[in-house]
Amino acid sequence: MFAKLSKKGQITLPAEVRKVLNLRYGARVHFVIKEDGVRIIPGDPGIESLQGTVNVPVPQDFKAARRRVMEERAREESTRT
């Protein structure tokens, strides 16, 4: 099996490879460099894949929640030093 490298350094994984690795649109893969080549491993889908899995009564502002957590961590770190 072969794939052609584009000018941008991109390749399209052959359909058979995608099928064997159970990869669909948007899937993530890891590239592990070995002495004799590169290994492609299906990747962790990431936290984005969890969106919508928990029902909440009101929309959540994740940017504000992240900011609050970062501020809290900064306060904790400043009290340690």
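**Exercise 1. Locate D36 and describe the hairpin around it.**

D36 lies in the loop between β1 and β2, where helices (H or I, at least four residues) and strands (E, at least two) are DSSP runs, numbered from the N terminus. This is a predicted model, in which local features need pLDDT of at least 70 and side-chain atom pairs count only at pLDDT 80 or more, while totals for chains, interfaces and linings use all residues. Residues are numbered from 1 along each chain as its sequence is written, and side-chain values use heavy atoms, with hydrogens and water left out.

Task: state whether D36 is buried or exposed, and how β1 and β2 are paired.

Solution. Begin with the accessibility classes: buried means under 20% relative accessible area, exposed over 50%, and partly exposed in between, with a 1.4 Å probe and protein chains only. D36 has a relative accessible area of 75%, and therefore it is exposed. Next, take the strands, which count as paired if DSSP finds at least two bridges between them. β1 and strand β2 (residues 37–42) pair in the antiparallel sense over six bridges, and the two strands form a hairpin with two residues between them.

**Exercise 2. Follow F31 from its strand to the surface.**

Task: find which residue stands opposite F31, and which residues make a nonpolar surface patch with F31.

Solution. F31 lies in strand β1 (residues 29–34), and the residue opposite F31 is I40 in β2. For I33, the bridge partner in β2 is V38. In a regular strand the side chains alternate between the two faces of the sheet. F31 counts as exposed because its relative accessibility is 55%. Patches are made of residues with over 30% relative accessible area and no salt bridge, like charges being joined within 9 Å and nonpolar side chains (Val, Leu, Ile, Met, Phe, Trp, Tyr) within 5 Å; a salt bridge is a side-chain nitrogen of Lys or Arg within 4 Å of a carboxyl oxygen of Asp or Glu. Together, F31, I33 and V38 make a nonpolar surface patch of about 380 Å².

**Exercise 3. Characterise N22.**

Task: give the place of N22, its backbone angle and its side-chain partner.

Solution. N22 sits in the loop between α1 (15–20) and β1, and N22 is exposed because its relative accessible area is 54%. Although N22 is not a glycine, its phi is positive, at about 55 degrees. The side chain of N22 makes a polar contact with the side chain of R24 at 2.8 Å, a polar contact being a pair of N or O atoms within 3.5 Å; within protein, one must be able to donate a hydrogen and the other to accept it, and residues adjacent in sequence count only if both atoms are side-chain atoms. Finally, N22 and P42 are 20 residues apart in sequence, and their C-alpha atoms are 8.0 Å apart in space.

**Exercise 4. Compare Q60 with F62.**

Task: assign an accessibility class to Q60 and to F62.

Solution. Q60 is found in the loop between β2 and α2, and its 44% relative accessibility is why Q60 counts as partly exposed. A polar atom of the Q60 side chain lies 2.9 Å from the backbone oxygen of V58. F62 lies in helix α2 and counts as exposed because its relative accessibility is 63%. The C-alpha atoms of D36 and F62, 26 residues apart along the chain, are separated by 43 Å.

Definitions and conventions. Areas by Shrake-Rupley, 256 points an atom, 1.4 Å probe, with all protein chains shown as cover.
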